[in-house]
Each structure stands twice: as structure tokens, then as C-alpha cells.
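Hi everyone, and thanks for making the time. Let me put a structure up on the screen, and then we can walk through it together.

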Amino acid sequence: HTRPRSLAGFRIVFEDDALIVVEKPAGLLTVPLPDAGAEPSVLDGLDAEYAARTRREPLVVHRIDRDTSGLVVFAKTGPALARLRAQFARREPERVYLAVVCGVPEPPAGTWSDWVWWNRRALALQAASRSQHGAVEAACRYEVLESWWQAALIEVSLVTGRQNQIRAQAMLHGHPLIGEQKYASDAVRGRPPFPRQALHAHRLAFAHPLPGKAVEFESPLPRDLADLVA
């Protein structure tokens, strides 16, 4: 595989004939959005790099939010895409995030489990009753790594993989992410000030689609989150 290298505002941490693992900075889209105009994305950068040279476009396996930093994987072939997406559908990959939240969760380790639904009008994940039409379960495990007077650094491992899941569940359990704009009340929004949600896709582990061996990647806290913690 290739050595880690920077490309079009992001970093490729691993690449072989089947897949590409990218370390995405906050503020960059994973894939283009219909209403985002010409705003750049990781997929655009990969397309520019590979389409002309290989006549193949990287294929989207999963994505993270624009203002979330960290690891994302793309497939390079149709069979690799199918195998990776099947793993994600079966909830097999390990997806671990680091987050800085308001308050200190109690107990210091546990599981957040909620019934939620995607509100298309509000473009937000919201609480639901189990019997509500469109309701799905969202679950993740959390552990407090470091705590202060009114905030904590936590590690969150996804059990399910809903859009905006960690951001929404943190709010539902009384600990919205620092810097959060959508999933936070007016009382805590912007306190302390931080220009994005304090969320980083830290570790990603899954079965490689070709040989079937296990692969694991880690991304340290980026400078803005490291400075926030300090």
C-alpha cells in the first residue's frame, strides 16, 4: 500500500487495490451535497486524483458530517464496495469516536439506547416512541476518559450507525457536544465557544474486503480538539 500522504486538503492514511482510508479535516464534506453548490468534498478530491489516471471513481462506503473530523473509508472496486457495505449493514466494523461534551456523564461508562426518527423537514435525528412510524433504534457505548468541572472527554463506540447519531444522543442524554449548533439548547450553545461540534472519528476497524484479514486505523485528536482539551 502507499505511504500516508496529503491530497486536496485531506490525508490518505492507507491505500491498496481495494480501498482508500482518508483522514478528513473538519469543515470539508465527505461527498458533495445537492444544495452545497461547488463546495469541495473528499470525493471530489479523490475523483480528480484517480478518475483521469485509472478511469475508476472511488466509491462511497460511509460518511461523516462536514464538521466532524477523522477517518472515512472509500472502495476502489464494485466487489470491495459490496463487501464493505455488507459489513457496515451487519454493524461489524468498529467505529470509535472521541467527543468533548457539556457536563460529565453518569455513570462514567455505559450505553445510550434510544428510539429515534429522521425528520426530513428539520434534517435532524429526533426522539421517537418505539411504535412511531419510521422509528429506529440508536445505540452506542460511551466511556469518560477525562473530566473537568463542566465538561468531559468521552470515547463513543457506535453499535448502530445512524446519521448524526452521536450528536443527537449526546443531547438526548443531557450532554450535548461542545460547539454543537443543531443538537443543543440555547442555554448551552456556544458555551464554551468552539467553531464546530467537538467530534472526531478516532478509530476504524473492519475486515479487509480482499484477503479477509482484519485492518485497524487510528487518527489522533486534531489540533483544534487537542487545544480544547488542553
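I'll go through the pockets, a helix, some backbone details, the cores and the cysteines. Please keep in mind that this is a predicted model.

Let's start with the open spaces. The largest pocket holds about 970 Å³ of space. If you want to find it on the screen, look for I64, D65, R66, Q163 and N164, which lie nearest its centre among the 33 residues of the lining. Two elements, β6 (94-102) and α3 (165-172), give two or more residues each to that lining. Which of the elements gives the most to the lining of the largest pocket? That is α3, with 3 residues. As for chemistry, the lining of the largest pocket has 12 nonpolar, 10 polar and 11 charged residues.

The second largest pocket has a volume of about 280 Å³. Its lining includes F88, A89, R91, E92, P93 and R95, and also the run L158, V159, T160, G161, R162 and Q163. Here the split is 5 nonpolar, 3 polar and 4 charged residues. You may have spotted Q163 twice: this residue lies among those nearest the centre of the largest pocket, and Q163 also lines the second largest one.

Now to helix α3. Why is α3 described as largely enclosed by the rest of the structure? Because 6 of its 8 residues are buried. Those buried residues are Q165, I166, R167, A168, Q169 and A170. The cover over them includes strands β6, β7 (109-119), β8 (124-127), β9 (136-147), β10 (151-158) and β11 (199-207). Just after α3 comes G174, with a positive phi of about 85°.

That brings us to the backbone. As background, most residues other than glycine have a negative phi, and most peptide bonds are trans. Against that, two residues are worth pointing out. R91, which is not a glycine, has a positive phi of about 65°. R91 sits in the loop between α2 (78-89) and β6, and we have already met R91 in the lining of the second largest pocket. N164 also has a positive phi, near 65°, and is likewise a residue other than glycine. You will find N164 in the loop between β10 and α3. Are these residues buried or exposed, or something in between? N164 has a relative accessible area of 8%, so N164 is buried. R91, at 46% relative accessibility, counts as partly exposed.

There is an unusual bond to show you as well. Which residues does a cis peptide bond join? They are E106 and P107, with omega at about -5°. P107 is in the loop between β6 and β7.

On strand β9, let's stop at E137. E137 is partly exposed, because its relative accessibility is 32%. Setting aside its neighbours within four places in sequence, E137 is in contact with S113, D114, W115, T160 and R162. To give you a sense of scale, E137 and P34 are 28 Å apart, C-alpha to C-alpha, with their positions 103 residues apart in sequence.

Next, the inside of the protein. In soluble globular proteins, nonpolar side chains tend to be buried together. In this model the largest nonpolar core has 31 residues, and the ones with the most contacts inside it are F10, I12, V22, L46, F74 and I154. Take F10: leaving out residues up to four places away in sequence, F10 touches R5, V22, E23, K24, P25, L28, V42, G45 and L46. A separate core has 17 residues, including A18, L19, F88 and F206. F88 appears in the lining of the second largest pocket too.

Last stop, the cysteines. How many disulfides are there? The count is 0. A disulfide is a covalent bond between the sulfur atoms of two cysteines. The cut-off used here is 2.5 Å between sulfur atoms, and the sulfur of C102 is 16 Å from the closest one, in C140, so the two are too far apart for a bond. Both residues are tucked away from the surface by the numbers: C102 is buried, at 11% relative accessible area, and C140 is buried too, at 0%.

That's my tour, and I'm happy to take questions.

Technical notes
Residues numbered from 1 in each chain as written. Predicted model: local features only at pLDDT ≥ 70, side-chain atom pairs only at ≥ 80, totals over all residues. Heavy atoms only, no water. Buried < 20%, exposed > 50% of the residue type's maximum accessible area, 1.4 Å probe, protein only. 1 Å grid on protein atoms, 1.4 Å probe; cavity = no way out; pocket = protein on both sides within 12 Å on 5 of 7 lines; lining within 4 Å. Points joined across faces, edges and corners; volume = space filled by probe spheres on them. Helix = DSSP H or I, 4+ residues; strand = E, 2+ residues; numbered from the N terminus. Nonpolar A, V, L, I, M, F, W, Y, C, P; charged D, E, K, R; others polar. Core = buried A, V, L, I, M, F, W, Y, C linked by side-chain atoms within 4.5 Å. Contact = heavy atoms within 4.5 Å.
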